Structure formats: structure tokens, C-alpha cells
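Visitor: I would like to go through this entry and ask what each label rests on. Please set the values against the criteria.

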Amino acid sequence: MTGSRRRPGSMLLLLMLAACVQAPSFMRPASEPAHRIAVLGWWLIAIATIVFVVVMVLLLVPLMHRRQEIAHADVHGGGGERMILIGGALIPAIILIAVFLFSLPTLSATITPSSRPRYTIEVSGHQWWWEVTYHTADPSFRVTTANEIHIPVGEDIGVRVNSRDVAHSFWVPELQGKIDLIPGQTNTFWLRADKPGIYRGQCAEYCGMQHAHMGVVVVAQSAAQYADWLRGQEAPVTAPRTTDDSLGAQAFQRGACSLCHTIRGTDAHGVLGPDLTHVGSRLTLAAGMIPNTRGHLQGWIANAQGVKPGVAMPTLYLDATSLQALAAYLESLR
Amino acid sequence: MASIAARLDEEWRTPHSLYGELSTVDHKKIGKRYLVTAFVFLIIGGLEAALMRAQLIGPNERWLSPDQYNQLFTMHGTTMIFWYASPVLSGFSNYLWPLMLGSRDMAFPRVNALSYWTFLFSGLFLYTSLFLGQMPDRGWFAYAPLTELQYSPALNMDFYALGLLFLTISTTIGAINFVATAFSVRAPGMSINRLPIFIWSTLTTSFSMIFALPALSVACVYLWFDRRLGMHFFDPAQGGSAMLWQHLFWVFGHPWVYIIVLPAMGIASMVIPTFCRRPIAGYTYVALATVSTGVLGFGVWVHHMFATGLPPLSMTFFSGASMTIVIPSAVSLFAWLATLWGSKPVIRTPMLFMLGFICLFVIGGLSGVATAVVPYDWQLTDTYFIVAHIHYVLIGINLFPVIGGLYYWFPKMTGRMLDERLGRWNFWVMFIGMNVGFFPMHIAGLLGMPRRIYTYDGSMGWNTVNLVTSLGAYLFAIGVLMFVWNVIKSRVRGAIAAGNPWDASTLEWSTSSPPPEYNFEVIPTVRSRDPLWEDRLEPPEQSSLREGPTLTDGRLTVQSAPLDADRVRLLHMSEDTLLPLIVALVMLALFYALLFRIWGLALAAAVMLGVATAWWLWPQHPEHGEG
């Protein structure tokens, strides 16, 4: 009964997600690289503020001595070159060189991790969802999931990204900067979280109609929880336990579902849509758009086009019984 | 002198008839048409923005479908950047150049007319997509392969590729005309060290256009080849490259940013000295800064691509280059400040807009520095921080000087003053609306809000900033409409303007308001940078504005040597002709034929274009050379 044992845990995560009304601000970082970038950002904001105030003073002070009439007022020439050279060239050059040099250590510290990561995952962009692949102890076996990345806290995670269709950009603001997913090339990247939590991310490169709904969540948990989670993901599905579940499993195989989706341990091997082997354990559906509850799941299966217009998932014309059974079955896949 | 004026009038007059209006090559008429047409596009682009801000005013709004929203944001960017920001500056340049240079027209008046007609028709071509419900929807940057046929099967991106290609024809020939004008048709004595700064800035951007636009043209041609001729330039699945588009687009795109701000900075460099009652401080530095910005602008494009996985060394180089380009901008900024410091300024509406411009210029420049810092840019890029940055740059450094410039030159163009009281309201509403609307976008970016999303969830924490942004944007829009109202009202009932109502120093103010069609009765001979202030500045030599060649036998002006502007010879300028309009119409037919893939019509239009070009090039004045 591992499934039901894990259930309260995932319910808790779901509640945490729902309570997550704080903006995913990169100025409130949760990882060492994001922290370094945020510190650099605060410095830049401070310097910019000082420069702005100084220039505004220089702009407003001469306006104290105005004159009212313009016609045939006297005109005089010359002067001001020294102010231009000092204020326009010398001081900006000093500030810019300082900023540039100051940014270099942050660049080298954030572009690659300090040590070779022990874990590497692969993230592939699709219109409009994320495919996430984990390597396991067995080199020939990989675990594929979608729109949700679990990582152990305090560990550098290597990430290899690519795209299966158009350009996307992977971005979890509180953890790291962006990396573009460009079709035809694989970019390397790394992630790290120094505090346990759920971090929301989103596609940052315009990728078509539902670019707004291409979300991802990163769940950072303790090493033990992470190992537990990965073991759960590695397991294939077990046979349906209730009548409802088996009805649902039949509906899945009979209907169009298995053409696009994979459920490991069954005959469903489709690769166009997300792998659903453990869909019941995920926090969200439709790439972060809706919470993964029975009601939303049914709504999504019945009318994906209504929820997320343009998505590849077609509208399925299912009777109410099959729909309920299908949702129950998918929910049982933990 | 009356008889000279009468003879000149006879040579240069465009008859008040439909034929006259369609065949005119008068740079002043063309300039005003550019300005009005660009403002129409500004208002269309503004309406698109207003619809988007209505969607984003609160979370989970759905009254615009994602498809509609994506078309709107694409058309907003494309319209503003290509069909407003650059053409409006061409309007100023067309109107002002010959007047500032002491010439009777541009070097190639017919090319000037063609440049306008192709600008207008390319805009009409683009907006045909509205009526088909297939407006471009892949962003003004149109990243491949989202634009490929596989992901965008309808005509949307054909309108984009062909429309932009059409527009680049207009812009390229316009730029060539400006370069030719700057180096050949200046008044005697208007040596290169006496050019008004506005001429320097437009000349710089004209060179930039000539070198930057081919990258865009090639990109659009490749895109259309991919889509309609089955090629694979940008299709990685078939050995093409998605990055090729990004490089081509930004090799063009970043110089373009300077193309649409430098002439506006040039406007500021004309207006500020007039109201400070002194020549601009550090003329040589400003001219050099302008030119070096144009040159350096070609070396910074990769800062749009810091998240694409480029090697760190390459990113470091482009980061350094992007910071270097700040220095010439700072030089210009301090030239304006130094001009203010050495003077007792007079505050009128044009000057208010320039002061507002300086404030917004500094904010836009500083946020630009932040984006040049590679690690920080990994967070900033593609967020609302960048949206804030580009709007501070494009509204702050383009629209504010443009409107201030219109308050300044409207009397010259129409013979009437714009309403000063309404002008001050206009300024403050726009300035406050701008900052209330666009400053919070920086914060939205810091809060992690990505660009180009048609809606957002209430749980993301972005509700308040978006509400404030929408309200500020509407206030700003009211400010722009106040300007439009001021133009309409003052055009009819404004106070009559004298020839030089601001007591300014440059040649355009030596003419009547509005100027006669031949601009100058006497071709002036220039001996200083501020010919109209010579009575007070007392330079060693005085210009001659009242005596000199009158050139009354045909449409004539003086062609002068490129650098020191010694008088070289007389130049025959072309007569009014329908030819530019006809050529532009044939091009329009060609582009529609390509759009709908009616190959027979395309071939016919191409042949007609060849015939029209031959007719165009047929010598009219073999003994003088052609203007």
C-alpha cells in the first residue's frame, strides 16, 4: 500500500502550492546561484538609483534660474566641455568598468557549478509542456515525467535542455536564470535549491498560443524524500485494484489515450503527450495550469480545448461513466 | 525681389489638384505626410496596446482569446517599431533637411516620393491581414521555427515577412537619399563642422540603415522561402538553424534601436540650445558621440541572446561592448546638461518635453546597463523588466522628443502655433501617465512575470502592479490624444506664427512660416553654425542670407562639395511626376501576388517594375545630370 502511504504527503504539497501566493521573485532567491545574481542585482539597482538622483539634481538645479521671454533675448556661447568630459565620459567609464569587473565572478560562479554534478536530468520543451527525464542506477532505464521536477536540497543538479518543436526557455526565478531550449541544439545548465520548497517556473520564450500556460514546478526536498520519490517513479504501474480503476484502464487502452500517452507496465506507449505512469502523484495538470484534483482531471479529459485552447490534446467524447472511471484510474497512478 | 519670388513660385509650385497632390515631389509635403501617416500608425498601435492592457488589468481575464492577444502584441510591436518610430523621424528629416541645409529639395526628390508611397503601401499591405483575421502572431521578433509553415500554416507570417520586406525597400531608398543629400546638396559654406546636430544624427542612422537592413531583408526572404518554396533555412529538423534567424534579426535589430532613437536625440540637441539661449555645449563631442553610437550599435546584438547557451567568453565580449556604448550616450546627456548649466533657460512646451525626455532617457539607459550584465540578464531577459526598459527607451527617447519637436516645428510647418496652455497639460498628463504606467513593469519583471503572456493567475502576486500599469497606460493614452486634439485645434485656430517664433539659430527659421515651395529665394551662404544668431555671437565671418544665387531658370539648387561645401555646380531637380506612385503601386501588386501566390500576376508586376525603372532612369536633363 505504498500508494496510499504517500498520498497524505502529496496532498500536503498540493496545499503548499495552493497557498503559494508569493510572486516567484528572483530578488528573493532560494539557491546559492540565484542569491549571487540577486546580490548583483541589488548593487545595480543601488548604483542606478544614485546615478539617477545625481543626474536629476544636475537637470533641475539650472532650472531655478529661468527667464520668461524668449524673443531677442541675448545669446552667449561656449563653455561646458569640461563638464561633458568628466560627467559624460570619465565617471561613466569608471562606473562601467567597475560594474563589468564586478559581474565577472558572478558570471563564472553561476554559469557552471563548482563541482561536477552527481545527478543530471534532461528537460525537453514541447508546445506547451515540459518533459523531464531522470537517469537511474540502471543506465538503460530512464524515468520520464512531466511539468514537475524533483531535486534534492543542497545538491548541484546538471540539466541538459533541448526542444522537440519551437524555442522555449526554462526559468525558475528563485533558483536560477534562464536557459533557452532551442530545437537542434542541447544546452547545458544547472539547478540548485538550498531551501526545501516548491518553486514555480514558467516558459520565458514566446512559443505560441499557450505560452502563458507552460508552467513547471520544482519540488526541492531532502535527499531521503527525493530518493523515495524517485524509487516510486521508477516502479511500473500495478494492476488496477478496484472495478472503477479497471474500467478506467480499459477506457484508456480502448480510447485514443494510448496513442499519445505512455503508462509504463501497460500497452500504452504513445510519445506525443506526457508520460502518465505516475500522473496521480503530480501536483498540477496542463503544465501548471490547474491543480491535480479529481474534478479538474475530469474537466481536462472531457474538454482540454476549453481549458487550454490550442493544446494538442483533443476533445474526447466520453460518456459519464467512462469519464469518471478514467479519472479514477489516472488518479490511482501514484 | 518680388519678380524673383514670382518666377521661383512658377517653377516650384505644385498645382492644387488631385494630380498635383499625387505627383508632388516637394520634400515638405512628403515630410508632413510621413508625420501624419506615422501618427496614424502610432494610434493604431496604441489601440492594440489598450486592448492588451484591458486583458491584463486583472488576473485570469479571458475576454481576448489567446490567439487574439498574440496577434495584438505582435502587431503592437511591429507597428510601433517599424511603421511608427522610424517613419516619424523620416518625416522630420524629410521636412527639415533641405531647410536646415539651405537647399531647395532633397538630392533625389522622386526617390523621396517613392520612399513615402512604399512606406504607406507596405503599411496598408500589413493591415490587410486584419480584414482576413490573420494578423502576424509570432511576435515582432518572430523567432524561428515558430514562424515556419509547420507551426503557422495560415497567411499571418507571410504578411509579416513580405510586409517587412516591402518596408525595407522604402527605408533603404530613403536612407540612400539622406546620405546623398547630406553630402551633396548643402548651401555653400555649410561645411561638415557646421552641420546642425540633427543632420549628424539622421546621417548616422541613414548609414546604419544601409548596413543593418540587408540582414532583415535576407531574414524575411529566407523565411518566406521556407514557408512557401519549401526551403529549410530556419528548420532544424531539416538541417537549418533556429539560431540563424536570431543572429540575422538582432544584427539588424540592435542597430535599429539606435536608428529610432538617435534622430530623436538630435531633435533634443536642436530644441534645448534654442531655449537655453546658447549653442549646444561640446558640439564636436556630440557629433562624435552620435557617429560612434551608430558604429558601436553594430557590435552589441548578442546581448539579446545571453540565454541561448553561447560560450562565456563570447558573452563577456558582448557585455563589455554593450557597456561601452553607454559612454557616447552619457556624453550626449552631459552635453544637454552642460548647455542647461551655462544658461538661463526659457521653459515652453517643447522644452518641457525635452526635460521629460532627459529624465526618461536616464531611466531607460540605466535599466539598459542592468541588461548588459550577463548573469543579471539571465534573470531579466524576457520579463516585464525588459518591457519597461524598451518602453522607457522608445517612448522616452523617441515619442517625447518627437512630440516636443512637433511643438517646436509645428509653427514652421503650418504657420500656426500649437496651444501653449494645452501643451503644458499635454506634457504633464503624458509624463505622469508614462511613469505610472511603465515604471511598475520593472517591478512586475523582478516579481518574475514573463513577457508575452495573454493572462496570468491571481496566485502569482502580479495583480497590483498590472492594475497600476493598465491605469497609467490609459492616462498616458489620454495625454497622446490631447496632443492630437491640440494639433487639430491649432491647425484651424492657432495663433499665427512668425518666421522665427522661438528666435532659434538655424537656417530653417530664416524662411517664412510655412516656407515657400522653393524654400529659399536666395541660396544662403553659411559662415557659422548659428547663422541667425550671428548678430549676437559675432563669429569672425558673417553668413549671407539675403544675397546670393537665386537660380530662377528651372528647378535648380546648388550642389556642393562633400566636406567643406564649396559651391560646385548647379543641380537640376526633378519635376512633379506620377512615376513614384506608379512604381509603388506596381510593387504593391507584386507583394499581393507573392502573398496569394498568384505567380502570373507576380511575373507581370515584375516586368512592369522593370519597365517603370527604365522610364524612371531615362535622362531628362542630359546636359546637367539628373536630380
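Visitor: What makes β4(A) and strand β10 of chain A a pair, and which way do they run?

Guide: The model is a predicted one. Two strands pair if there are at least two bridges between them. β4(A) and β10 (residues 215-221) of chain A are joined by 5 bridges and run parallel, so the pairing criterion of at least two bridges is met. Within β10(A), A:V217 stands opposite A:E148.

Visitor: Which strands of the open sheet β4-β10-β9 (chain A) are called edge strands, and what makes them so?

Guide: That sheet has 3 strands with mixed pairing. Its edge strands are β4 (148-152) and β9 of chain A, since each pairs on one side only. Neighbouring strands are turned by 25 degrees against each other on average, direction ignored. Helix α4 (residues 223-234) of chain A packs on this sheet and touches β4 and β10 of chain A. The direction of α4(A) makes about 135 degrees with that of β4(A).

Visitor: Why is one side of β3 and of β8 of chain A left without a neighbour in the sheet?

Guide: The sheet in question is open, with 5 strands in the order β3-β2-β1-β5-β8 (chain A) and mixed pairing. β3 (142-146) and β8 (187-191) of chain A stand at its edges with a single partner strand each, so one side of each has no neighbour there. From one strand to the next, the twist averages 25 degrees.

Visitor: How do you know that β1 and β2 of chain A pair?

Guide: Between β1 (residues 119-126) and β2 (residues 129-135) of chain A there are 6 bridges, and the two run antiparallel. The threshold is at least two bridges, so the strands count as paired. One example is A:S124, whose bridge partner in β2(A) is A:E131. α4(A) packs on this sheet too, touching β1, β2 and β3 of chain A.

Visitor: Why is the meeting of A:E205 and B:R452 called a salt bridge?

Guide: Their side chains come to 3.9 Å, N to O. The limit is 4 Å, so the pair qualifies. Across the interface of chain A and chain B the rule finds 1 salt bridge, while the count of residue pairs in polar contact is 23.

Visitor: What share of the area buried between chain A and chain B lies on carbon and sulfur atoms?

Guide: About 7500 Å² is buried between the two chains, 71% of it on carbon and sulfur atoms. A:I70, A:V75 and A:Y206 supply 11% of the area that chain A buries against chain B, more than any other three residues.

Key:
Residues are numbered from 1 along each chain as its sequence is written. Chains are lettered from A and ligands numbered from 1 in the order in which they are written. This is a predicted model: local features need pLDDT of at least 70, side-chain atom pairs count only at pLDDT 80 or more; totals for chains, interfaces and linings use all residues. Side-chain values use heavy atoms; hydrogens and water are left out. Buried area is the accessible area (1.4 Å probe) that two parts lose on being put together, summed over both. A polar contact is a pair of N or O atoms within 3.5 Å; within protein, one must be able to donate a hydrogen and the other to accept it, and residues adjacent in sequence count only if both atoms are side-chain atoms. Helices (H or I, at least four residues) and strands (E, at least two) are DSSP runs, numbered from the N terminus. Axes are lines fitted to C-alpha atoms, for helices over the stretch in contact, and angles run from 0 to 180 degrees between N-to-C directions. Contact means heavy atoms within 4.5 Å.
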